[in-house]
2 protein chains.
Amino acid sequence: MVEPFLYPELYIDRSLETSGKKASEFLAWFKKEIEPFLEEYFDEKIREASEVHPEAVVLVEEIRRMVGAGGKKIRSAFAYAAYVASGGRSHEAILYASAALELWHTFAIIHDDIIDESNLRRGQPTAHIAFDKFHQNRNFSGDSQRFGISAAILAGDLAFSFADELLDSAPFPAERIRRAKIYYNAMKQQTAYGEHLDVISQFKKQISEADVLKILEYKTAKYTIERPLHIGAALAGADEKYFQIFSAYGVPLGQAFQIQDDILGTFGKEEEIGKSVDSDIKEGKKTLLIIKAYELTNLLEKSVLNKVVGNKKASEGQIEKVREIIKSTGSLKYSDTLARELINQARGVMTASKLAEEGKNYLLQICDFLLVRAASLVDLR
Amino acid sequence: MVEPFLYPELYIDRSLETSGKKASEFLAWFKKEIEPFLEEYFDEKIREASEVHPEAVVLVEEIRRMVGAGGKKIRSAFAYAAYVASGGRSHEAILYASAALELWHTFAIIHDDIIDESNLRRGQPTAHIAFDKFHQNRNFSGDSQRFGISAAILAGDLAFSFADELLDSAPFPAERIRRAKIYYNAMKQQTAYGEHLDVISQFKKQISEADVLKILEYKTAKYTIERPLHIGAALAGADEKYFQIFSAYGVPLGQAFQIQDDILGTFGKEEEIGKSVDSDIKEGKKTLLIIKAYELTNLLEKSVLNKVVGNKKASEGQIEKVREIIKSTGSLKYSDTLARELINQARGVMTASKLAEEGKNYLLQICDFLLVRAASLVDLR
């Protein structure tokens, strides 16, 4: 597949450098490519904001801080890999789309942190907490917490707008961007639905396993993997059948990814995952682990679950008791097995595909990475 | 100017019906065109949401309710008028862009109402209040207010995504949409900056007249008038000089519009403007009226302003005293005169322009409408 290319001066075939790399090597390489691109964009946006008003700059600074605070750049890397796997060859142009996904993710986490009332992300203050402190430092009048939430809502909205601008201005032919926007717009709507279902699940007394998997599909699988792959494919001008392959690969892989994350969120090591390993239980997060434990448990244990899950003041002893129930009921084993099956399903689809080797290699490596992660996740006994 | 047109089956030259209409007649006509278009879009989105999950539908229903709750459809009408004035002739295609602006405005007011803690808009509950009640009706667990804000943030985000989708899928050539997106993306960012400056102004003890005008420029003038005009012009394939005309017309008119709104917000009749006429003073909104009164007042009156402005428990007698100070200092007269000057400035630009008569007529009529509004606004003595 040869790509008709609009701006030949940007044609630098660096994507082939990804060939033969392991998933972690590819991600490290990719971060080194995308980060300077993002920095340059932020420099420009800060110049623009300062021309509007010196006070406007803080919104951009906060978005930049959130982007810089870490993150695996996994969504943007998926878009990049799918672009290369679909025959795309413009390193610079696809970075625009990858950066757009990074900014859109930043929007999503800023609003998500307000909704979840989270104070920390990756060990750093969340946006509404940072703006709360900004209010205090500036000695503004009024309620600093209210100011923090207001400014964070706006910073999120601005990051959303930045994302749109980056994708709209990517140096691809306009028709190709228009095609990518179909998948991008679907992603944005589906993520809002998934997030809403997740919010509702926290306020409902009980939800079904089918509902948990639905949330995983919309909030994580489509958002983190399937749609970024589709966006990359669309920008490479890929054939319709490629999109089906990316769906058949991306959805199960994304579900597995989130199930693993939930296992780590309760059984992992705090220093490795960067957040406390009791918050999911304390917040009453309706993970597959919890839903399945409820389903498989006896009456006595159920009363423990009722007392501890969603109880923000639960003791470490009580949390540990819930962990034991998740193990003894077989819920942990069930979740871990399901995650492995989903990863293998994705791996099978990708292996059988005829995608270009450089991108395909990464997409397979990611499966292997997650299988190894599964093996080392927790002691399943 | 003849428009190269992509989908000839949609070419229905209904825009000429606008010719010779007064501003209010044009707006009434336009509402009858845009409303069925929006209803059809919402029907489709509700179908999609219900396929995701029955619980997802409420987000779309809430957006639909907010759009249906009234509003003058002024932004979308400006885009329409500029499109026609620039020689555009596809009624159906420009409705997509107009609908996009309506949805983006709905996003903006949903988030704005959260930020301002407003309970009512146009006499109806705001989105976070409606979701608060939804939580109570459904007998969900947890804090209904927190749920209301979370769901409203997400409904706003979803409306933002709908807006993008509508503009991206408008049946125009892709290159033309790409050009319109430059102005659309600028609008989104500038509105966030304007809104942020407005939020900051509420938390600062004092701001300057220049800052007030800056907020008017970004939060209202560019957002409500200039950028919608540019989007319409870009979709008609207008020449660069048209954009300058629309800026020279749109920015002063938008500033005047907001100054008038602020006068009405303190001196108008509650039943006419659909919100209470003491809230601006009680919330300490930094309007030109207030800033100028502070500037022109004596020490004794300043202590009254300090005590009443921003005091949520101020009595009607105290509010009336502030109104008297705004009058006696000449601040009301100053604001009213400035608004008229700005409208006449916009009118002069439009009169001298060589835009197509049908659209130009409406853009002139709007000036006349606002001048009449100014004349009847308040007793300036």
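Where in chain B is Glu117(B) found? In this predicted model, Glu117(B) sits in the loop that runs between α4 and β1 (120-121) of chain B. The backbone of Glu117(B) takes a positive phi of about 55°, although this residue is not a glycine. Is Glu117(B) buried or exposed? Glu117(B) counts as exposed, because its C-beta neighbours inside 10 Å number 12, and a residue with 12 or fewer is placed in that class. A little further along the chain comes another residue to look at, Arg122(B), in the loop between β1 and β2 (124-125) of chain B. Arg122(B) also has a positive phi, of about 50°, and it is not a glycine either. With 13 other C-beta atoms within 10 Å, Arg122(B) is partly exposed.

Before going further, it helps to ask about confidence. The mean pLDDT of chain A is 90, and 93% of the residues of chain A reach 70 or more. One stretch to treat with care is residues 1-16 of chain A, where the pLDDT is below 50. Beyond near neighbours in sequence, this stretch has 30 contacts in the model. Where pLDDT is low, the predicted coordinates should not be read in detail. For the complex, the predictor gives an ipTM of 0.90 and a pTM of 0.91.

The next topic is how the two chains are arranged. A turn of 180°, with a shift of 0.0 Å along the axis, lays chain B on chain A with an RMSD of 0.0 Å. That is the relation of a two-fold axis. Which C-alpha of chain B is nearest the axis? The C-alpha of Ala174(B) is, at 2.7 Å from the axis.

The chains also touch one another: 47 residues of chain B are in contact with 47 residues of chain A. On the chain B side, the elements that give two or more residues are α1 (23-52), α4, α6 (144-168), α7 (174-203) and α8 (209-235). The largest share of that side comes from α7(B), with 18 residues. Sorted by class, the side of chain B that touches chain A has 22 nonpolar, 12 polar and 13 charged residues. Of the interface residues of chain B, 100% are also interface residues in chain A, so the copies meet through the same surface.

Since α7(B) gives the largest share to that side of chain B, this helix deserves a look of its own. The 30 residues of α7(B) reach 43 Å from the first C-alpha to the last, close to the 44 Å expected at 1.5 Å a residue. Of these 30 residues, 24 are buried, so α7(B) is largely enclosed by the rest of the structure. In chain A, helix α7 (residues 174-203) holds Ile182(A), which counts as partly exposed with 15 C-beta neighbours inside 10 Å. Ile182(A) and Asn139(A) are 43 residues apart in sequence and 45 Å apart in space, C-alpha to C-alpha.

Helix α6 (residues 144-168) of chain A can be read in a similar way. Its 25 residues reach 36 Å from first C-alpha to last, close to the 36 Å expected at 1.5 Å a residue. Here 22 of the 25 residues are buried, so α6(A) is largely enclosed by the rest of the structure.

What, then, lies inside? In soluble globular proteins, nonpolar side chains tend to be buried together. The largest nonpolar core of this model has 235 residues, and among them Ala97(A) and Ala97(B) touch the most other members. Helix α4 (residues 91-115) of chain B gives the most to this core, with 16 residues. Leaving aside residues up to four places away in sequence, Ala97(A) touches Ala79(A), Leu167(A), Ala170(A), Ala180(A), Ile231(A), Gly232(A) and Leu235(A).

Two further residues allow distance along the sequence to be set beside distance in space. Gln345(B) has its place in helix α15 (residues 331-352) of chain B and counts as partly exposed, with 18 C-beta neighbours inside 10 Å. Gln345(B) and Pro252(B) are 93 residues apart in sequence, while their C-alpha atoms are 7.1 Å apart in space. Gly68(A), in helix α2 (residues 57-68) of chain A, also counts as partly exposed, with 14 C-beta neighbours inside 10 Å. Between Gly68(A) and Asp168(A) there are 23 Å in space, C-alpha to C-alpha, and the two are 100 residues apart in sequence.

Methods: Residues numbered from 1 in each chain as written. Chains lettered and ligands numbered in written order. Predicted model: local features only at pLDDT ≥ 70, side-chain atom pairs only at ≥ 80, totals over all residues. Core = buried A, V, L, I, M, F, W, Y, C linked by C-beta atoms within 7 Å. Buried ≥ 20, exposed ≤ 12 C-beta atoms within 10 Å, placed from the backbone. Helix = DSSP H or I, 4+ residues; strand = E, 2+ residues; numbered from the N terminus. Contact = placed C-beta atoms within 7 Å. Nonpolar A, V, L, I, M, F, W, Y, C, P; charged D, E, K, R; others polar. Least-squares fit on C-alpha atoms with pLDDT ≥ 70 in both. pLDDT = per-residue confidence, 0-100. Expected span 1.5 Å × (residues − 1).
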